[in-house]
Amino acid sequence: MAFARLAEAAAPAARIGLGLAAVGRPGYINHGRDRDLPAQRTVDAMRERTHQLLDAAYGHGVRYLDAARSYGRSEEFLADWLRRRPDAEDAVIGSKWGYTYVADWRTDADVHEVKDHSVAAYDRQCAETDALLGPRLDLYQIHSVTPGSPALTDRALHGRLAALAAEGVTVGLSTSGPAQADAIRAALGVTWEGEPLFRTVQSTYNVLEPAAGAALAEAHEAGVAVIVKEAVANGRLASAAYAPPELLRIAEEAGAAPDAVAVAAVLHQPWAGTVLSGAATAEQLASHVGAVRLALTENQLTRLAGLAEDPAAYWRHRSQLPWS
């Protein structure tokens with residue numbers, strides 16, 4: 001299967017995807033996890049929450065579901081759900097390799113994930129993903145590519161990825177860090193046998209960190225599907241406790257929650273194909289899905305653009321968020 005199947009989903013809610021970073025493991029860096037998740041984050045409790053969110057997402061019309069090897073047991077939980085929901089054959093499934101989850105189901109681990117973009121890591125993790133998701137996998141992405149990543153230059157790795165693409169799985173990458181634009185542009189130049197290798201790019205973009213916008217527009221123009229992650233900035237744009245006052249004022253004007261406004265601001269970008277919800281609750285998911293119907297004025301979009309932070313400062317703040 002391939003990611004392009006998503007284009008067949010005509011419902012407006014199909015522009016929203018569900019990312020499982022927040023529920024596939026007990027610890028993550030989003031604000032508000034103490035109130036969003038079960039008090040006892042056992043494997044069974046997190047599996048149940050993940051399945052509840054997947055049921056809700058599919059019911060809303062969401063069709064892209066996003067996991068990763070480093071999201072704890074997210075692939076396992078997703079595979080369980082797919083077996084339980086044979087009616088969800090039109091769901092488009094993506095995952096990522098390049099980070100290994102090492103926290104052993106603890107929130108207080110010193111290290112939660114280890115990055116490795118080598119061929120050996122790909123071979124190991126691709127086999128692990130295949131064992132869980134098998135033919136349901138539509139999109140396989142390199143996780144968190146930065147300009148210095150060997151994944152951009154390793155021709156042996158590119159050959160492996162091209163072979164996967166030849167089997168019908170779309171190959172893409174995600175980016176992170178203050179130099180996302182450089183990584184995106186470098187990825188656009190990677191080819192195999194004269195054809196672009198990467199067909200999707202998943203990047204952080206929100207009203208606080210819009211620096212990758214021009215590069216994402218270039219990717220879209222080049223025919224690369226754009227997936228946006230962290231539209232609510234790990235919860236910084238999700239509630240009155242953390243959101244900038246200007247965002248709260250616009251939310252009041254629009255009669256919507258601040259997280260819906262933050263997602264809607266991304267959806268207004270003409271290059272944004274799919275915007276991921278990182279919801280941990282059904283209520284958050286509903287708010288994000290509701291953003292597809294939220295029309296912001298040019299004045300409101302201009303005011304939201306004024307919230308942009310220096311990219312280095314944004315990513316420094318993000319790196320200091322505690323795992324909880």
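Which residue in β7 is the bridge partner of Ile142? It is Leu173, and this pairing is a good place to enter the structure, which is a predicted model.

Let us stay with β7 for a moment. This strand covers residues 170-175, and 6 of its 6 residues are buried. Its side chains can be sorted by direction: Thr170, Gly172 and Ser174 point one way, while Val171, Leu173 and Thr175 point the other way. Both sets are buried, so the strand is covered on either face, with "buried" standing for a relative accessible area under 20%.

Now look at the neighbours of β7. With β6 the strand pairs in the parallel sense, over 5 bridges. The path from β6 through α5 to β7 makes a right-handed β-α-β unit. Strand β10, residues 200-204, also runs parallel to β7, and 3 bridges join the two. Within that pairing, Ser174 of β7 stands opposite Gln202 of β10.

Between β6 (137-145) and α5 (155-166) comes a loop, and Ser149 has its place there. Is Ser149 buried or exposed? Ser149 is buried, because its relative accessible area is 6%, below the 20% cut-off. Its side chain reaches the backbone nitrogen of Ala151 at 3.1 Å. If you look for His117, you will find its C-alpha 7.2 Å from that of Ser149, although the two residues are 32 apart in sequence.

From here we can turn to the charged side chains. The structure holds 24 salt bridges, and a few of them are worth following one by one. Take Arg85 and Asp55, whose side chains meet with an N to O distance of 2.8 Å. This pair links distant parts of the chain, 30 residues apart: Arg85 sits in the loop between α3 (74-84) and β3 (92-97), and Asp55 belongs to helix α2, residues 43-60. The two partners fall into separate accessibility classes: Arg85 is buried at 17% relative accessible area, whereas Asp55 is partly exposed at 28%.

A second salt bridge joins Arg63 to Asp90, with the closest N and O atoms 2.9 Å apart. Arg63 lies in the loop between α2 and β2 (64-66) and Asp90 in the loop between α3 and β3, so this pair ties together parts that are 27 residues apart in sequence. Here Arg63 counts as buried at 13% relative accessibility, and Asp90 as partly exposed at 35%.

Further along the chain, Glu253 and Arg303 form a salt bridge, and their closest N and O atoms are 2.9 Å apart. Because Glu253 lies in helix α8 (residues 245-254) and Arg303 in helix α11 (residues 298-305), the contact ties together parts 50 residues apart in sequence. Glu253 is partly exposed, with 46% relative accessibility, and Arg303 is partly exposed too, with 23%.

Salt bridges can also be followed beyond single pairs. Asp44, Arg47, Arg73, Glu76, Asp80 and Arg83 are linked by them in a network.

To finish, move out to a nonpolar part of the surface. Which residues form the patch there? They are Val102, Val111 and Val114, with about 220 Å² of accessible area together. Val111 lies in the loop between β4 (99-101) and β5 (113-115). With a relative accessibility of 45%, Val111 counts as partly exposed.

Methods:
Residues numbered from 1 in each chain as written. Predicted model: local features only at pLDDT ≥ 70, side-chain atom pairs only at ≥ 80, totals over all residues. Heavy atoms only, no water. Patch = residues over 30% accessible without salt bridge, like charges linked within 9 Å, V, L, I, M, F, W, Y side chains within 5 Å. Areas by Shrake-Rupley, 256 points an atom, 1.4 Å probe, with all protein chains shown as cover. Salt bridge = Lys/Arg side-chain N within 4 Å of Asp/Glu carboxyl O. Helix = DSSP H or I, 4+ residues; strand = E, 2+ residues; numbered from the N terminus. Buried < 20%, exposed > 50% of the residue type's maximum accessible area, 1.4 Å probe, protein only. Polar contact = N/O pair within 3.5 Å; in protein donor to acceptor, adjacent residues only side chain to side chain. Pairing = 2+ DSSP bridges. Right-handed = clockwise from strand over helix to strand, strands pointing away.
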